Amino acid sequence: SSVDFTQVLPERYRDSFLVSGMEIFNNVPVHTDSSVKVGINFYIEPGDFETKFWKIKDEDPTLVYTVANQVQNGKVFKPEALEFVESFVAKPGDAYLLDISKPHSVVSQNPSHRFAFVVQTNDYTFDDVANMLVETGYL
């Protein structure tokens, strides 16, 4: 049997969300995701990684660049452009609502394997999705 991860959302919004698998094996530099504003990560195998969120303190364009897989509005940030905001370390079975339009990184002193199912959208804001989760009783 399969799990429908969109069941955490009110049915009338589910068509605006995409479910995919996210798998990483290494540290991920500070970035914003391309064409996605909000994600709900369901951590299956979180590995020994810490997800960190940052705010931009220096708008100097020389401190921002893109990489090949960032096709729209995604960016990578040099550390000197940023100020740390908060972080979390997921455990197996955890789910996190993330504003991935904000700069974030994934780091580990001992990178291993991380896998999560991600329910994501570019149609709604973080607050919109938070309200959806309140409506369904998941937040």
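Let's start with H104: setting aside its neighbours within four places in sequence, this residue is in contact with P29, V30, H31, T32, D33, K52, F53 and W54. The structure you are looking at is a predicted model. Within it, H104 has its place in strand 9, which covers residues 104–107. Is H104 buried or exposed? Its relative accessibility is 6%, and because buried means under 20%, H104 counts as buried. The side chain of H104 also has a polar atom that lies 2.9 Å from the backbone oxygen of K102.

**The four-stranded sheet**

Now turn to an open sheet of four strands, whose order is 1-10-3-8 with antiparallel pairing. At its edges are strand 1 (18–24) and strand 8 (95–99), each of which pairs on one side only. On average, and with direction ignored, neighbouring strands of this sheet are turned by 30 degrees against each other.

You can follow the sheet from pair to pair in this table.

| Strand pair | Sense | Bridges |
|---|---|---|
| strand 1 and strand 10 (residues 114–121) | antiparallel | seven |
| strand 3 and strand 10 | antiparallel | seven |
| strand 3 and strand 8 | antiparallel | five |

A few residues help you find your way across these pairings. A116 in strand 10 is the bridge partner of M22, and Y43 stands opposite A116 as well. Further along the sheet, I40 has L97 in strand 8 as its bridge partner.

How many of the eight residues of strand 3 are buried? Six of them are, so strand 3 is largely enclosed by the rest of the structure. Helix 1 (residues 126–136) lies across strand 3 (38–45), strand 8 and strand 10. Relative to strand 8, helix 1 runs at about 150 degrees.

**A pocket beside familiar elements**

Some of these elements appear again around the second largest pocket, which holds about 430 Å³ of space. Of the 20 residues that line this pocket, Y96, L97, L98, D99 and F126 are the closest to its centre. L97 is thus a residue to look at twice, as it is also the bridge partner of I40.

Which elements give two or more residues to the lining? They are strand 3, strand 4 (50–56), strand 7 (82–88), strand 8 and helix 1. Strand 8 gives the most to the lining of the second largest pocket, with five residues. That brings us back to the sheet, where strand 8 is an edge strand and pairs with strand 3.

Key:
Residues are numbered from 1 along each chain as its sequence is written. This is a predicted model: local features need pLDDT of at least 70, side-chain atom pairs count only at pLDDT 80 or more; totals for chains, interfaces and linings use all residues. Side-chain values use heavy atoms; hydrogens and water are left out. Two strands pair if DSSP finds at least two bridges between them. Axes are lines fitted to C-alpha atoms, for helices over the stretch in contact, and angles run from 0 to 180 degrees between N-to-C directions. Contact means heavy atoms within 4.5 Å. Buried means under 20% relative accessible area, exposed over 50%, partly exposed in between (1.4 Å probe, protein chains only). A polar contact is a pair of N or O atoms within 3.5 Å; within protein, one must be able to donate a hydrogen and the other to accept it, and residues adjacent in sequence count only if both atoms are side-chain atoms. On a 1 Å grid over the protein atoms alone, a cavity is a set of points where a 1.4 Å probe fits but cannot get out, and a pocket is an open set with protein on both sides within 12 Å along at least five of seven lines; lining residues have an atom within 4 Å of a point. Grid points are joined across faces, edges and corners, and a volume is the space filled by probe spheres set on the points.
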